[in-house]
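Trainee: I have just opened this entry and would like to learn how to read it. Could we go through it together?

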Amino acid sequence: MAQDTLSGGNNSYPGVTSPISLAEPKQADLELSDKLEEALRPHGVFESEAEMAHRMEVLARINELVREWIKDVSRQKNNIPESKINTFGGMVFTFGSYRLGVNTKGADIDTLCVAPRHVERSDFFKSFVELLKAQPEVKDLRAVEEAFVPVIKMTYDGIELDMLFARLALPTIPDDIDLRHEMYLKNLDEKSVRSLNGCRVTDEILHLVPNKENFRMTLRAIKLWAKKKGVYSNVLGYLGGVSWAMLVARVCQLYPNAAPATLVHRFFLVLSKWDWPNPVLLKPLDTENKLGFPVWDSRVNPADRFHLMPIITPAYPQQNSTYNVTNSTRTIITDEFQEGLDVVTRIYEQREEWTTLFEPSDFFHKYRHYIVLKASAEEKDHYLEWKGYVESKIRLLVGNLERNPYIKLAHVMPEAYGPVNESEGQYMCKWFIGLVFHAQTLNSQTANVDLTYDIQSFSDVVHKTAIHINLFKDGMKVEITYLRKKQLAQYVPAQILQQGKPKRKEPRASGGGDIQRTNIDRSGGARSEGMDSSQQPGVSTVEDDETSQESQHLVLDGTASGTNVTESNSSADHMNWTATDNTSSNAASSSDRLTIKETEDTLSSSDGSDMASKRPGSPFSATTPPKRPKDGDSRSASPMQVDDKPAGSSNSLPNANEVVKQHTPDLTDGLSSSSVLAPSIHLPVSKTSPSDDLPDLSSPQTSVPTSSFMPLKNSIKLKLK
């Protein structure tokens, strides 16, 4: 393990740099840490002794099943004497949150089945699956052999399990095997290497943190915060559990003696100032690639320089765990880092409590334009399979929306919501995407935002891929809906809409009375448009009032690889389009389309003055000078000097920006500055294959030419003026 040794001391510390501070925690830090633990308990982040014992029992039974299965497979193989069958071994390893010691109540367990070389992967997905089906404790069994990392999902005696498989090039599996050694990766196929990577990364993270207990408490708090704020989902382009664990581990390396409360504050302080796309590393990159596996290194691989938020796993072969991050998700995550820093700073100043940090996201109050994506099926087994598949493809729709020149940000909420009423069906879930438009689009007199191609290309990829991998079944549907904020009550339960609702503040003495908006609002993007209710021939409009219940629907039913949208019989205030297997129908005329005309009541006027000041009842006029920023709006470092001394320096605390620059590894030596900049929103990252991800059907798709699918009969265009 690479280490940095502090000058003048005998202790060595893990990490690519020396610690920022070796200060011991003060009494106030310990008290805040105790309060942090008390604030976490109501959220179910700690398991009882009985629950932990039940998990151990389930793992023991699964391990015994694996050993018996390997013996049965060995008996079926040729030239294997009975005397050796009991010596082959085989065992189940855990990784992820359970292995890190931060699993929550009801969380699943990530497991890995390690078998000797004569046991094939095909045996695992055939004979072992049949063995599991015969167990009365097993429910909801699903085998996903075609996945990038093949997995078996099931519920065993009430505990959800994800099982991977790795076949080592060894005749027997010893009971004391340590998977951290690189020698076990020799002569393995890439699927086995990817399966082993979870265990190897988890063990390496635990090996690289200076204080495991403080690391675990801090990680529990950060994971709960990330889930509450809607930034916990690797498949949707946010950060997954291993990425959050590595970020917390890096902060623990920089502050090895700090208490959990201090580490939470330093987590937000360091990452809110981090200079992305510089990578987060727990140990130096391995320059000797002896086994020849693809390794992340932006100095060598040009494709790796396009990754927006790289967090590199510490175990060989090093991979970027945040490959799915997009421009929108990175913006959302960094904004949440800044908001988190503000909250924890107020907690240290005794102006807030820890419960404030874990308040739900205000996602349903941030935007006035939303897209709803529904996935439904007729049977439970089909629904579970279809839901997971559609969720893995949502990032393609987000990528399409990001590449639309008029859209500034597409914010997808990771949580899937079930039906609001019985009419929506039993096996159905919904994901919501908030839209923000560029300020140039809003300031222009007229702008047509065409979402037809973005949605149709997404549908084309989703359904063709589902048919190609034999996943599609009759009754599986995807429905895409555009709606306004006022219409959310039709799709979201009332208790969810009440969560994260901004608290009303007392009006300011100046009479402005405006509640301060988010960073996106201040940039001019989140102030959305009102709709023009005027009726025009061939144009469907939605009135912008509280009683408006209209929404525009595009129902995409992938019953064939080539789909054509035809208008169905529906009421006047609920328009529905369903994709059918009518591939021979003629293309529709361009005049037959759905147009949404919108106006913005807070747009800037043509001469640059602020039109928001002209709203009715405003005490300001168009000539009123802009307000000066309040002192509280300035983004500064925490006023609490928790770090008494940076390691090996004087009593002064270094500037936060300088700290991050000094402790961010520089991988741009010998490269031009333009070669390491993140790509613009108009340049999709997915056009190049990264070193850590082989292209497959689940990989990001490039834009599909319009000639590859049937045109929509009714296009969707938003006219902003």
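**Reading the sheet and a buried arginine**

Mentor: Happily! Keep in mind that this is a predicted model. Let's start with a pair of strands: strand 5 and strand 6 (residues 151-156) pair in the antiparallel sense over 5 bridges. As an example, R142 has K153 in strand 6 as its bridge partner.

Trainee: What holds strands together in general, and in what order do the 5 strands of this open sheet run?

Mentor: Strands of a sheet pair through backbone hydrogen bonds, in either a parallel or an antiparallel way. Here the order is 3-4-7-6-5, with mixed pairing. Strand 3 (91-95) and strand 5 (138-144) are at the edges with a single partner strand each, so one side of each has no neighbour in the sheet. On average, neighbouring strands are turned by 25° against each other, ignoring direction.

Trainee: Which helices pack on the sheet?

Mentor: Helix 2 (residues 49-76) does, touching strand 3, strand 4 (109-115), strand 6 and strand 7 (159-167). Its direction makes about 35° with that of strand 7. Helix 7 (residues 190-208) also packs there, touching strand 3, strand 4 and strand 7, and its direction makes about 120° with that of strand 7.

Trainee: Now for a single residue: is R220 buried or exposed?

Mentor: R220, in helix 8 (residues 212-228), is buried yet has no salt bridge. The nearest side chain of opposite charge, E213, is 7.5 Å away.

Trainee: Which backbone oxygen lies 2.4 Å from a polar atom of the R220 side chain?

Mentor: That of V45. Leaving out residues up to four places away in sequence, R220 touches L40, V45, F46, G101, V102 and N103.

Terms used: Residues numbered from 1 in each chain as written. Predicted model: local features only at pLDDT ≥ 70, side-chain atom pairs only at ≥ 80, totals over all residues. Heavy atoms only, no water. Pairing = 2+ DSSP bridges. Helix = DSSP H or I, 4+ residues; strand = E, 2+ residues; numbered from the N terminus. Axes fitted to C-alpha atoms, helices over the stretch in contact; angles between N-to-C directions. Contact = heavy atoms within 4.5 Å. Buried < 20%, exposed > 50% of the residue type's maximum accessible area, 1.4 Å probe, protein only. Lys, Arg positive; Asp, Glu negative; His and termini not counted. Salt bridge = Lys/Arg side-chain N within 4 Å of Asp/Glu carboxyl O. Polar contact = N/O pair within 3.5 Å; in protein donor to acceptor, adjacent residues only side chain to side chain.
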